[in-house]
Amino acid sequence: MRILFVTATRIGDAVLSTGLLDHLIRAHPGARVTVACGPAAAGLFAHVPGLDRVIPMEKREFRGHWWSLWAASVRTRWDLVVDLRGSALSWLLRARRRAVMGGGRRPGHRLVQLGAVLGLDPPPLPVVWTAAADHARAAMLLPPGPPVIGLGPTANWPGKVWAPERFVALFDRLAGAGGALPGARVAVFAGPGEAEAAMAAPVLAALPRGRMIDLTGRLTLTEAAAALSRCALYVGNDSGLMHLAAAAGAPTVGLFGPSPPEEYAPCGPHAAVARTRVPMAELIAAPGYDHRSTGSLMGSLPVEDVVEVASGLLARLAPAAAQ
């Protein structure tokens, strides 16, 4: 069986789609899989069972990326085409069966929307496919010792970014005497590129050197997943890393302000959300509101709220971890 799986450009949306692909692989043992996605998300699928290839869709003018994908896939007779981008491509290929996601925004969590494409209710949770080499590198970077708190201080636009000093204060509270993880180390996660490095830099500069592990721009997506799975807790802005942490099984707290957690909260039994006290609707209605502002909404998420959510999540998971 040959499956073409067309998924998202962004890492977070691609992570959310992995449960759907995992379901198809389990339902069709021995299937050969081709994945088409954005270049940033391509590494996420490197170790998919039965993978033939990953086709990175570099965006081009006049929708040229879709024509490139058509040229790369038109010679194959597909048994199943799953198109989560709702493109016309699916109808221009030879396929025995198609499952195409409709366009437009819908109510409810994105995971539920994805599951509906194949009629799956409840929808399958996201997964991560890793290799032994990923875990070996993670073990080298995060060796055994005190528990590790992972921090994700970056996001794809400034309005989602919690203030650097609050990440530092959060770590101090959680890892200090009386905190949920006293004596913990801290690992800072961020993707490659100057923008990610600039967002992470103030956090890195303020954390205690002897207990800090700088992972910014150093990991592939599957290596990052392996490293995240070694964390006792991950706290990060709404981003692809947040979804990757939850998929990897790390206790994950997502920080939400301008994006709705009802649609994009991290998924799974080890995940929770800390939300700004000022609702988005109230912010938009305020005089002088500018969507390009750099944190007027995230500023209404105090450190104590995140400490409470993180401590509550760890307390809830503690009985299961002790078994």
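This briefing walks through the pocket, the two sheets, the cysteines and one unusual peptide bond of the structure above. Please keep in mind that the model is predicted. Its largest pocket holds about 1400 Å³ of space, and its strands include an open sheet of 6 and an open sheet of 5. The disulfide count comes to 0.

**The largest pocket**

- Rolling a probe the size of a water molecule over the atoms shows where empty space is left.
- In this model, the largest pocket contains about 1400 Å³ of such space, and 50 residues line it.
- If you would like to find its centre on screen, look for Thr9, Arg10, Ile11, Gly12 and Asp13, the lining residues that lie nearest to it.
- Helix 1 (11–27) is among the elements that supply at least two lining residues, and with 5 residues it gives the largest share of the lining.
- At least two residues each also come from helix 3 (110–117), strand 7 (185–190), helix 7 (221–228), helix 8 (240–247) and helix 9 (261–264).
- Sorted by class, the lining has 21 nonpolar, 18 polar and 11 charged residues.

**The sheet of 6 strands**

- This open sheet has the strand order 8-7-6-9-10-11, and its pairing is parallel.
- Strand 8 (212–216) and strand 11 (271–275) stand at the edges, and because each has a single partner strand, one side of each is left without a neighbour in the sheet.
- On average, neighbouring strands here are turned by 20° against each other, direction ignored.
- At one edge, strand 7 and strand 8 run parallel and are joined by 5 bridges; Ala190 stands opposite Thr216 of strand 8 there.
- Strand 8 is an edge strand, yet 4 of its 5 residues are buried, leaving the strand mostly covered.
- At the other edge, 5 bridges link strand 10 (residues 252–256) with strand 11, again in parallel, and Leu255 has Ala274 of strand 11 as its bridge partner.

**The sheet of 5 strands**

- Here the order is 3-2-1-4-5, in an open sheet with parallel pairing.
- Strand 3 (51–56) and strand 5 (98–100) are the edge strands, each pairing on one side only.
- Neighbouring strands of this sheet are turned by 10° against each other on average, direction ignored.
- Strand 4 (residues 80–83) runs parallel to strand 5 and is joined to it by 3 bridges, with Asp83 standing opposite Val100 of strand 5.

**The cysteines**

- A disulfide is a covalent bond between the sulfur atoms of two cysteines.
- Why is Cys37 not in such a bond? The closest cysteine sulfur, in Cys267, is 19 Å from the sulfur of Cys37, which is too far, given that a disulfide needs the sulfur atoms within 2.5 Å.
- Cys231 is in a similar position: its closest cysteine sulfur is in Cys267 and lies 19 Å away, so the distance is too far for a bond.
- Are these cysteines buried or exposed? Cys37 is buried, with a relative accessible area of 0%, and Cys231 is buried as well, at 5%.

**A cis peptide bond**

- Most residues other than glycine have a negative phi, and most peptide bonds are trans.
- The bond from Asp121 to Pro122 is cis, with omega near 5°.
- To locate Pro122, go to the loop between helix 3 and helix 4 (132–141).

Notes:
Residues are numbered from 1 along each chain as its sequence is written. This is a predicted model: local features need pLDDT of at least 70, side-chain atom pairs count only at pLDDT 80 or more; totals for chains, interfaces and linings use all residues. Side-chain values use heavy atoms; hydrogens and water are left out. On a 1 Å grid over the protein atoms alone, a cavity is a set of points where a 1.4 Å probe fits but cannot get out, and a pocket is an open set with protein on both sides within 12 Å along at least five of seven lines; lining residues have an atom within 4 Å of a point. Grid points are joined across faces, edges and corners, and a volume is the space filled by probe spheres set on the points. Ala, Val, Leu, Ile, Met, Phe, Trp, Tyr, Cys and Pro count as nonpolar, Asp, Glu, Lys and Arg as charged, and the others, Gly among them, as polar. Buried means under 20% relative accessible area, exposed over 50%, partly exposed in between (1.4 Å probe, protein chains only). Two strands pair if DSSP finds at least two bridges between them. Axes are lines fitted to C-alpha atoms, for helices over the stretch in contact, and angles run from 0 to 180 degrees between N-to-C directions.
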